[in-house]
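Welcome! Here is a short, friendly tour of a protein structure, taken one topic at a time. Keep the 3D view open and follow along.

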Amino acid sequence: MATNDKKARARRGVRRTGAAALLTAAALLLTACGGNAGGGAQPAANSGEPVQGGTLVFAEVTPINNFQTQSARFYEKANVLNSVLDRLTYFDAVSGKLVPWIATKFSGNEDNTEFTFDIRPDVTFSDGTPLDAEAVKANLDVLGKGLEKAQIQPNVDFSAYESTEVVDEDTVKVQLKSADANFLRATSSVAAGLVSPKTLELDNAGQSDIAKISGSGPFVFESEKPDEELVLAKRADYAWAPETAENQGAAYLDKVVVKYLPEVAHRAGAVQSGQVDLVRGLQPADEAAVAAGGNQVLPAPGIDLTANVAAVRIGSGKLADQKVRQALQAGIDRQALKDTVLSDSYEIAGSVLNHKAPGFVDLSADLAYDPEKAKSLLDEAGWVAGADGVREKDGKKLEVTVTSSNNSVVIKPAFELIEQQWREIGVKLINRAADNTFLATALQDPEVEFFGTRQFAYGGLGPVFGPETNTQTLNADEELNELFAAERAAADEAKHEELVAEEQRALVVEKALALVLWDEVQVYGAHSGTNIEFTSGTAPIFQGAWKAEG
Amino acid sequence: MGRYVAQRIGQALLVIWLAYTVIFLAVQLLPSDPVTIFLSTDSAVDQATIDNMKRQYGYDQPLLVQYFAQLGGLLTGDVGYSLASGEPVALRIGGVIGSTMALALSAFATAVVLALAVVVAATLTRSAVLRKVVLNLPPLFAAVPVIWLGLVLLELLSIRWGVMSLFPDGSFLSLAVPVFVLGVHVSAPIAQVLLKSIDTVYSQPFIDVLRAKGASASWIFFRHALKNAGGPAMTITGITVGTLLAGSVITETVFARSGLGAVVLQAVTTQDVPLVQGLVLLTASVFVAVNLVVDLLYPLLDPRILKSNGQGSPRVLAV
């Protein structure tokens, strides 16, 4: 009982902070005409004028040694590169719109096959090279086609890319092979960060080395101790922040020190003891303690990512009938998931896209927990309860397996709870979540029924669920792919949104190929004096960050 | 002597070659090739991309060609490229091995000192109570997991009392604490085996003879018992190398130190198979090398080994 009381009290603590945050957000919205810099827009708990100078210590989850821009998309990489590399456009989460950054103007033709970018003059990379139309073309070519001599792969979101024409010193025109309504949004991704043309001349190891990468961002590399520490220093002449950023000039902070804290048990203590100013990957169980200690729990919603899903593979045949998949979708009690495993920092998924993502359609009515409906759907599909309570059909038991990486601190306990919930409808779940060794083989195995994950999705869901080799379903669904193609080709914005909504309905309700769980969120812990906001991809915005004095 | 040495070195090389072969075969048993696995952890990739990268790293060659090419590379110190960073695997491992060596060697020295202290205290004390307490230390050391001790010490020293940093900052405590944590764990098997063999030595008639001649307890212990009991302890010391390496990985993770631990963690999470291959091979080689050294030192402690020409197992007799 005592622990319950304590927990409840601590929970209230979190709610209070949440309420304060909401109030601050409302105030910001009312007063700031230009909007604020925040993608995730977690408003700072401290008010007052930004303080110049100081060093912010940020504890990242795990060290990374490949900083090549567009290869793999890991948070630990994006969280650093976000402050080192600028992009053509910026996704402003407050307005839900793309706003100018390095491109002062951008537009597409009617059928989304040609895009023009006006490049901001006077921007330079940290090695002194100008960021002009030629430099943008060099970057777009690598994003679209890869760079064979440096073994750099094309960016998946640029699959329609054909070529770039330099119109004049600060204008480029991009040609696509086929229409892509999501192209502009993809240019806002950290994975589409612009590097100096000199960086692009390096070999693979060179372009992966943060010490050798030159960007035009607000911070530059200063020093590193491999696997222990990375120091970024502010660029004093930075003057080209995204249009909506509150701070239009150089960063307030002098330095950012990135350290690594692989041990999850220490993350809360690191903030509490003031050894770090910001830490990523707080466990739900630690949130209350951090808030109760007067420090901040900052959930950064992953607007650029899909919700956390159990993507369905139909290779074993057990889930080939969509009624079975719909039954499993209805057999998940998401509220119980939030109450038991997650925290107030997490939001139950309403679709496969994030609640704040452009084109999100609210399917929560279709996602209500309904074990009776689940049971009757399974009955209809011919799966009848066996002696041990597990349903059977044609001598096969309805035993299904889930795989996932151990990147998320909550994914394993979440599937443990789902395992209990599905037992009630006669389905046995074998939980191999967070088992990276199993994942190595299971990832490519269509007979492993579920892959628990989330992916970056800039607009439509085609790049994530479309290709035959997509790791979600390991299967190209023809009807879905027709829908994806139509959506990419959609000429006007209203039509495009309608088709994105259609995709979500197909994936979640009709075909039930994505069992959605909760919106992606990265929960940060911040010391009481830290003022920081996050991008729509959950990366901390160090350019606008500051530390209260004292 | 020469024949014994040659035989031992030959065996060591054979073990390393077998280890390489087993690792190579294990990689072939994966459902897909290293490149596909690596690229697929991220998102959908097209076949042309995979093929390109496979060609780049030689994974499109026939198996036998790959086997001998990699074996040839191994002889010249080239163990391939890390898929995650494009860096040569040897360079990636070489860059951090110093830090792990410093930790592991200091921890090993600590372990030997701790084990000796336990054994000396247990053997020479006249207090039955103290002896009982000391005798229970090795099982306790063995039972306490490295990760638990590390977490508790950090929680107390760093978070509660603020006397040390959570991160390696070059201070005395930031090396001493992880060394102690790892040393305690490694000392347990050494102390246990040493205690057991000291007991065996004490039950032998020549000890009674020494006592009858009026030798003091410490003279008997240091001049006679310890030397005779040293063999099995040395063997177990060779075997603890595995514990030491595995313990280093855990210790480094808990104390956020750079080293093989972080590399292992990264290699496994990003599914960087060539890097994992290199690490496994390194571990096997270190294990073999240390045990080779133990084997070579053994005749110095117990000349009977050479007479029996390595046949049978005279080491066991001494226990």
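Two strands count as a pair if DSSP finds at least two bridges between them. With that in mind, let us look at this predicted model, starting with a sheet of chain A in which five strands are joined.

**The five-stranded sheet of chain A**
- The strands of this open sheet follow the order S18-S17-S19-S13-S20, and their pairing is mixed.
- Strand S18 (428–432) and strand S20 (514–518) of chain A are the edge strands, each pairing on one side only.
- From one strand to the next, the twist averages 25°.
- Strand S17 (residues 399–403) of chain A runs parallel to S18(A), and five bridges join the two.
- Across this pair, you can find A:Val402 opposite A:Asn431 in S18(A).

**The seven-stranded sheet of chain A**
- Another open sheet in chain A has seven strands, in the order S8-S9-S10-S1-S11-S21-S12, again with mixed pairing.
- Its edge strands are S8 and strand S12 (296–301) of chain A, and each of them pairs on one side only.
- Here the twist averages 20° from one strand to the next.

**A hairpin to look for**
- Strand S8 (residues 219–225) and strand S9 (residues 229–234) of chain A run antiparallel, with six bridges joining them.
- Together S8(A) and S9(A) form a hairpin, with three residues between the strands.
- In the turn, A:Asp227 has a positive phi of about 65°.
- A:Phe221 stands opposite A:Leu232 in S9(A).

**Two helices side by side in chain A**
- Two packed helices are described by the angle between their axes and the distance between the axes.
- For helix H15 (residues 478–489) and helix H16 (residues 493–510) of chain A, the axes come within 9 Å and cross at roughly 160°.
- Angles over 145 degrees count as roughly antiparallel, and H15(A) and H16(A) are therefore roughly antiparallel to each other.
- The crossing of H15(A) past H16(A) is left-handed.

**A helix in chain B**
- Helix H1 of chain B covers residues 2–29, which makes 28 residues.
- From its first C-alpha to its last, H1(B) reaches 41 Å, close to the 40 Å expected at 1.5 Å a residue.
- Several residues of H1(B) are buried, including B:Tyr4, B:Arg8, B:Ala12 and B:Phe24.

**What the record adds**
- An unreviewed UniProt entry lists residues 97–449 of chain A as "domain: Solute-binding protein family".
- Over residues 97–449, chain A is 25% helix and 23% strand, and the end C-alpha atoms are 36 Å apart.

Terms used. Residues are numbered from 1 along each chain as its sequence is written. Chains are lettered from A and ligands numbered from 1 in the order in which they are written. This is a predicted model: local features need pLDDT of at least 70, side-chain atom pairs count only at pLDDT 80 or more; totals for chains, interfaces and linings use all residues. Side-chain values use heavy atoms; hydrogens and water are left out. UniProt positions are given in the numbering used here, feature names are shortened, and annotations may be inferred rather than shown by experiment. Helices (H or I, at least four residues) and strands (E, at least two) are DSSP runs, numbered from the N terminus. The expected span of a helix is 1.5 Å times one less than its number of residues. Buried means under 20% relative accessible area, exposed over 50%, partly exposed in between (1.4 Å probe, protein chains only). Axes are lines fitted to C-alpha atoms, for helices over the stretch in contact, and angles run from 0 to 180 degrees between N-to-C directions. Angles under 35 degrees count as roughly parallel, over 145 as roughly antiparallel, 65 to 115 as roughly perpendicular and the rest as oblique. A crossing is left-handed if the near helix is turned anticlockwise from the far one by less than a right angle, and right-handed if clockwise.
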